[in-house]
Amino acid sequence: MTPTGEHTATLLVGAQAGDTAALQALLEQVRLDAIRLAARHCRLSTDADDAVQESLFTLSRRFPGIRSPAALWGWLKTVVVRECRRLFDAASARASQSPQRSLTELASDGRLSQQPMHDLRIDLTAALASLPAHYREIVLRRDLLEMSIDEIAGELALTREAVKARLHRARLLLREYLHA
């Protein structure tokens, strides 16, 4: 579904005329479309919500420049895709600043330490993919996004102990997978 209907046109015109209720309704109407776009275009599931929020914030500031309701869909798609890319690039940059940390923890001994880095990354990617989603989410947030245990607990509505336990179990499973 694209936000180009008659109702959307009315909301856009109202918002551009200064009607804050129309702007709020417009943002709510395009929110589901933004969520679908982010789910499709963000590489990390954790980035989708951030991309939607940032895109809607951008729309709330820039809506006066949108010339027609038909242009709204293309504009929204462009902004969401750009935000997904920006968030992924930021996470990649943080990971590349200290790429050895989690790899070293997992591959500190045995045959893995003898592998070229490229092969090790392929093995680690496969190991991460083998994890159950609730473990993978914790490991990615902790090691790739470098979030603290408290930050992860807050975002996932878990206790600090639950996050630590899941992280421990996930790392055990990763070690098991990598050393098999």
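## Two loop residues with positive phi

In this predicted model, Glu146 is placed in the loop that runs between helix 7 (133–144) and helix 8. The phi angle of Glu146 is near 55 degrees, which is a positive value in a residue other than glycine. With a relative accessible area of 34%, Glu146 is partly exposed, because it falls between the limit of under 20% for buried residues and that of over 50% for exposed ones.

A second residue of this kind is Ala157, in the loop between helix 8 and helix 9 (160–179). Ala157 is not a glycine, and its phi is nonetheless positive, at about 55 degrees. The relative accessible area of Ala157 is 71%, and Ala157 is therefore counted as exposed.

## Overall architecture

The protein contains nine helices and zero strands, and its elements, followed from the N terminus, run α-α-α-α-α-α-α-α-α. Of its 180 residues, 36% count as buried. Among the contacts in the protein with a separation of 6 or more, 64% are accounted for by residues 24 or more positions apart.

## Helix 3

How does the span of helix 3 agree with the 18 residues that it holds? At 1.5 Å a residue, these 18 residues should span 26 Å, and the end C-alpha atoms of helix 3 are 26 Å apart, so the two values agree.

The buried residues of helix 3 are the polar or charged Thr46, Asp47, Ser55 and Thr58, together with Ala48, Ala51, Val52, Leu56 and Leu59. Several of these names return below, where the cores and the pocket are described.

## The nonpolar cores

The largest nonpolar core holds 24 residues, of which Val30, Ala38, Leu59 and Val80 touch the most other members. Helix 1 (6–16), helix 2 (20–41), helix 3 and helix 4 each supply at least two residues of this core, and helix 2, with eight residues, gives the most to it. When residues up to four places away in sequence are left out of the count, Ala38 touches Ala48, Ala51, Val52, Val80 and Cys84; of these partners, Ala48, Ala51 and Val52 are among the buried residues of helix 3.

Apart from the largest core lies another core, of 19 residues, and its members include Leu44, Tyr135, Ile152 and Ala153.

## The second largest pocket

The second largest pocket holds about 260 Å³ of space. Its lining is made up of 15 residues, and those closest to the centre of the pocket are Thr46, Asp47, Asp50, Leu145 and Glu155. Thr46 and Asp47 are also among the buried residues of helix 3.

Which helices each supply at least two residues of the lining of this second largest pocket? They are helix 3 (45–62), helix 4 (69–97) and helix 8 (149–156). By residue class, the lining divides into seven charged, six nonpolar and two polar residues.

## Helix residues and their partners in space

Two residues of helix 2 may be considered together. Ala21 lies in helix 2 and is exposed, with a relative accessible area of 52%; the C-alpha atoms of Ala21 and Leu11, which are 10 residues apart along the chain, are separated by 8.8 Å. Arg40 also has its place in helix 2 and is likewise exposed, with a relative accessible area of 56%; Arg40 and Val81 are 41 residues apart along the chain, and their C-alpha atoms are separated by 9.1 Å.

Helix 9 offers two further examples. Ala165 lies in helix 9 and, at 25% relative accessibility, counts as partly exposed; between the C-alpha atoms of Ala165 and Tyr135, 30 residues apart along the chain, the separation is 9.7 Å. Tyr135 is itself one of the members of the core of 19 residues. Glu176 lies in helix 9 as well and counts as exposed, at 58% relative accessibility; from C-alpha to C-alpha, Glu176 and Ala127 are 9.1 Å apart in space, while in sequence they are 49 residues apart.

Notes:
Residues numbered from 1 in each chain as written. Predicted model: local features only at pLDDT ≥ 70, side-chain atom pairs only at ≥ 80, totals over all residues. Heavy atoms only, no water. 1 Å grid on protein atoms, 1.4 Å probe; cavity = no way out; pocket = protein on both sides within 12 Å on 5 of 7 lines; lining within 4 Å. Points joined across faces, edges and corners; volume = space filled by probe spheres on them. Helix = DSSP H or I, 4+ residues; strand = E, 2+ residues; numbered from the N terminus. Core = buried A, V, L, I, M, F, W, Y, C linked by side-chain atoms within 4.5 Å. Buried < 20%, exposed > 50% of the residue type's maximum accessible area, 1.4 Å probe, protein only. Contact = heavy atoms within 4.5 Å. Expected span 1.5 Å × (residues − 1).
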